[in-house]
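User: I would like to learn how to read the features of a protein model, one at a time. Could you guide me through this one?

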Amino acid sequence: MSAHATPVILPGATLGVLGGGQLGRMFAHAAQAMGYFTAVLDPDATSPAGRISHQHIRSGYSDAQGLAELARVCAAVTTEFENVPAASLNQLAQTLPVAPAGSAVAIAQDRAAEKAHFVRCGVPVAPHAVIETPEQLAAVPADLLPGILKTARMGYDGKGQVRVKTLEELAQAWDDLGRVACVLEKMLPLAHECSVIVARGRNGQIVHLPVQRNLHRDGILAVTEVYEGNLPLAQAQQALAAAKSVAEGLQYVGVLCVEFFVLQDGSLVVNEIAPRPHNSGHYSQNGCDVSQFELQVRCMTGLPLVQPRLHSASIMLNLLGDLWFAHGDTAQTPAWDQVLALPGCHLHLYGKAQAQRGRKMGHLNITATTAEAARATALQAAAIVG
Ligand code: ADP
Ligand code: MG
């Protein structure tokens, strides 16, 4: 359906989301707050978003009947994760607005296609080689080592990645990953990581959240810090410009997160994109006057985009299931009452039935007037739950 011909979808309509995880849940919360009804498509009866949505269609993401039902009840559809088959988005797009488009999601699903897109946009990427065949494996230049072999598809939170130092280890790792299509990336000397969330409307207008500084532990995002001066200004400006050109190059409609490595020499390398709101943008729920989830609603409905404003120094702490096992092997609810006694602490839990180590259970947004105050509160909060 031609996006330009589509009228604005006003509150009162039903908005659909493919995927029932925490991102779908927070999208549904934002949409509901604005007066929309929501429908979630997810096979899991206990999915975080399915539990709070007005409608929950329990079907697989390629199920023609489930998709038809979603199209029937919704005025527009979005996605909360990138591994939705692009064909499903394309099927839905035949009868209603879908943002982001299947073509953009297809690129984000595949690290090799993603890297090729970055190169097309002229943004710097890590030295890398695509490995799909034994011939490509044999031709890998030795100067890509030590490196990280990453499956081209379906990786997340550091899963599907093997660090390799030698050509022998590389061959073994590719075997261990089942010889699926992979990208070998040179291991880079990271100073830190950052990300930018942009939202692009049907009319091509782009707004953005402030550049986020991210700390990962074991391949999983742990902390995001956003305040004046969190990154040198030139780096932040470069990241923002690169994120905008990546979105424009995709003719993207929706919320897009672009992740970067900042190298020890201060240079910036784009890492990957997520065609949806992102964990590193959660602080916007409490630190900005427009959250990334509200931006998602505005993009898919054709509502005007307004430039979000950061009104508080913000720190986001991810709450992994490990916190439930801080005192032993039996899951125990952390002392949220003590955490919530701290000023500027905002608790977001995803309603997952079972805590598991490594599982994202929620996050804590900490807001304050200064970065120092936010950091002091974050340390206190971490001491209570950790
Ligand atoms: P995922 O899709 O699992 O988020 P990423 O490619 O973002 O995968 O990798 C996860 C983390 O691993 C990154 O945030 C970074 O900390 C580290 N990492 C990934 N690639 C490199 C690299 N080329 N050099 C150094 N560290 C890397
Ligand atoms: Mg990543």
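User: How many bridges pair β5 with strand β8, and in which sense do the two strands run?

Analyst: As a general idea, strands of a sheet pair through backbone hydrogen bonds, either parallel or antiparallel. In this predicted model, β5 and β8 (residues 182–186) are antiparallel partners, joined over four bridges. Two of the residue pairs can be found by eye: I131 has C182 of β8 as its bridge partner, and V130 is matched with V183.

User: What is the order of the strands in the sheet to which these two belong?

Analyst: The sheet is open and has four strands, in the order β5-β8-β6-β7, with antiparallel pairing. The edges are taken by β5 (128–131) and β7 (161–164); each has a single partner strand, so one side of each lacks a neighbour in the sheet. From one strand to the next, the twist averages 20 degrees. Inside the sheet, β6 and β8 are antiparallel and share five bridges, one of which matches I148 with E185 of β8.

User: Is β8 largely enclosed or largely open, and why?

Analyst: Here one counts buried residues. Four of the five residues of β8 are buried, so the strand is largely enclosed by the rest of the structure.

User: Which helices lie across the strands of this sheet?

Analyst: One is helix α5 (residues 111–121), which lies across β5, β6 (147–151) and β8 and runs at about 55 degrees to β8. Another is helix α7 (residues 167–176), which lies across β5, β6, β7 and β8, at about 165 degrees to β7.

User: I should like to study a single residue. Why does G147 count as buried?

Analyst: The general method is to count the C-beta atoms around a residue; 20 or more others within 10 Å make it buried. G147 has 25 such neighbours inside 10 Å and therefore counts as buried. This residue is in strand β6. Setting aside residues up to four places away in sequence, G147 touches V164, L184, E185, K186 and M187. By contrast with these contacts, consider Q65: its C-alpha atom is separated from that of G147 by 44 Å, and the two residues are 82 apart along the chain.

User: Into which domains is the protein divided?

Analyst: The division gives domain 1 (3–98), domain 2 (127–186) and domain 3 (190–385). The centres of domain 2 and domain 3, taken over C-alpha atoms, are 29 Å apart. A UniProt record, an unreviewed entry, places the feature "domain: ATP-grasp" at residues 115–301. Over residues 115–301 the chain is 28% helix and 33% strand, with 30 Å between the end C-alpha atoms.

User: How should I read a nonpolar core, and which residues of the largest one touch the most other members?

Analyst: In soluble globular proteins, nonpolar side chains tend to be buried together. The largest nonpolar core here has 69 residues, of which V246, V258 and F260 touch the most other members. Strand β13 (residues 254–263) gives the most to this core, with seven residues. Domain 1 and domain 3 both contribute residues, so the core lies between them. Beyond its neighbours within four places in sequence, F260 is in contact with E193, C194, S195, A239, L268, V269, V270 and N271. Another core, of 21 residues, lies apart from the largest one and includes Y283, A313, V339 and Y350.

User: With which strands does β13 pair?

Analyst: β13 pairs with β9 in the antiparallel sense over 10 bridges; in one of them, H192 is matched with V262 of β13. Six bridges also join β13 to strand β14 (residues 268–274), again antiparallel, and E259 has E272 of β14 as its bridge partner. In the hairpin of β13 and β14, four residues stand between the strands, and G266 takes a positive phi near 90 degrees. β13 is mostly covered, with nine of its 10 residues buried.

User: Finally, how many residues of helix α10 are buried?

Analyst: In helix α10 (residues 292–301), 10 of the 10 residues are buried, so the helix is largely enclosed by the rest of the structure. These buried residues pack against β1 (14–18), α1 (22–33), β4 (76–79), β9 (190–200), β13 and α9 (284–287). Just after α10, G302 takes a positive phi of about 80 degrees.

Technical notes. Residues are numbered from 1 along each chain as its sequence is written. Chains are lettered from A and ligands numbered from 1 in the order in which they are written. This is a predicted model: local features need pLDDT of at least 70, side-chain atom pairs count only at pLDDT 80 or more; totals for chains, interfaces and linings use all residues. Two strands pair if DSSP finds at least two bridges between them. Axes are lines fitted to C-alpha atoms, for helices over the stretch in contact, and angles run from 0 to 180 degrees between N-to-C directions. Two residues are in contact if their C-beta atoms, placed from the backbone, lie within 7 Å. A residue is buried if 20 or more other C-beta atoms lie within 10 Å of its own, exposed if 12 or fewer, and partly exposed in between; C-beta atoms are placed from the backbone. UniProt positions are given in the numbering used here, feature names are shortened, and annotations may be inferred rather than shown by experiment. A nonpolar core is a set of buried Ala, Val, Leu, Ile, Met, Phe, Trp, Tyr and Cys residues joined through C-beta atoms within 7 Å. Domain bounds come from an automatic or database domain assignment.
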